[in-house]
Amino acid sequence: MTKVPTIARIWRGRTKPEFADEYEAYNRAEGVPPLQKTALGVQLLREDRKDETWFTTISYWADMESMTAFTKGDPEQVHHLARDAELLCELPERIQIQIVVPPNLR
């Protein structure tokens, strides 16, 4: 298996500013660790806006097969955390899958 990511799995969700710190801590504790055990890498991004806070979680995978094995099915299927309905403004309906394009290192 290659150690170079070829696929990025991207999840986005938003919360009210008063829940942002709580959601970040919750996602770090419950959402990120399973990804860290299996994916080649994980990034958690946060964008604080006036009326909402957006979170983006990007996990990097060697191939579709490894990502599909982790999700136990359709990698585009959203797997919500137990408290997502409580803390997010709405439940995200999709995951974005993108090919990682390596930089041209000439």
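Two strands count as paired if DSSP finds at least two bridges between them. Helices (H or I, at least four residues) and strands (E, at least two) are DSSP runs, numbered from the N terminus.

Before we start: this is a predicted model, where local features need pLDDT of at least 70, side-chain atom pairs count only at pLDDT 80 or more, and totals for chains, interfaces and linings use all residues. Residues are numbered from 1 along each chain as its sequence is written, and side-chain values use heavy atoms, with hydrogens and water left out.

**Exercise 1: the hairpin**

Work out how E2 and E3 are connected and paired.

Step 1. Look at the link: E2 and E3 form a hairpin, and four residues sit between them.
Step 2. Check the pairing: E2 and E3 are antiparallel, with eight bridges.
Step 3. Pick out one pair: Asp48 stands opposite Thr53 in E3.

**Exercise 2: the whole sheet**

Put the strands in order and find the edges.

Step 1. Recall the background: strands of a sheet pair through backbone hydrogen bonds, either parallel or antiparallel.
Step 2. Read across the sheet: the order is E2-E3-E1-E4, an open sheet of four strands with antiparallel pairing.
Step 3. Find the edges: E2 (41–48) and E4 (96–99) each have a single partner strand, so one side of each has no neighbour in the sheet.
Step 4. Add the twist, which averages 20 degrees from one strand to the next. For angles like this, axes are lines fitted to C-alpha atoms (for helices over the stretch in contact), and angles run from 0 to 180 degrees between N-to-C directions.

**Exercise 3: strand E1 and its partners**

Follow E1 to its bridge partners in E3 and E4.

Step 1. Start with E3: E1 (residues 7–15) and E3 (residues 53–61) pair antiparallel over nine bridges.
Step 2. Name some partners in E3: Ile10 goes with Ile58, and Arg14 goes with Trp54.
Step 3. Turn to E4: four bridges join E1 to E4, again antiparallel. Here the partner of Ile10 is Gln96.
Step 4. Is E1 mostly covered or uncovered? Seven of its nine residues are buried, so E1 is mostly covered (buried means under 20% relative accessible area, exposed over 50%, partly exposed in between, with a 1.4 Å probe and protein chains only).

**Exercise 4: the largest pocket**

Describe the largest pocket and its lining.

Step 1. Get the definition straight: on a 1 Å grid over the protein atoms alone, a pocket is an open set of points with protein on both sides within 12 Å along at least five of seven lines, and lining residues have an atom within 4 Å of a point.
Step 2. Give the volume (the space filled by probe spheres set on the points, which are joined across faces, edges and corners): about 350 Å³.
Step 3. List the lining: there are 18 residues, and Arg9, Gly31, Leu35, His79 and Leu81 lie nearest the centre.
Step 4. Which element gives the most? H1 does, with seven residues.

**Exercise 5: an unusual loop residue**

Say what stands out about Lys72.

Step 1. Locate Lys72: the loop between H2 and H3.
Step 2. Recall that most residues other than glycine have a negative phi.
Step 3. Compare: Lys72 is not a glycine, yet its phi is positive, at about 60 degrees.
Step 4. Is Lys72 buried or exposed? Its relative accessibility is 76%, so Lys72 counts as exposed.

Key: 1 Å grid on protein atoms, 1.4 Å probe; cavity = no way out; pocket = protein on both sides within 12 Å on 5 of 7 lines; lining within 4 Å. Points joined across faces, edges and corners; volume = space filled by probe spheres on them.
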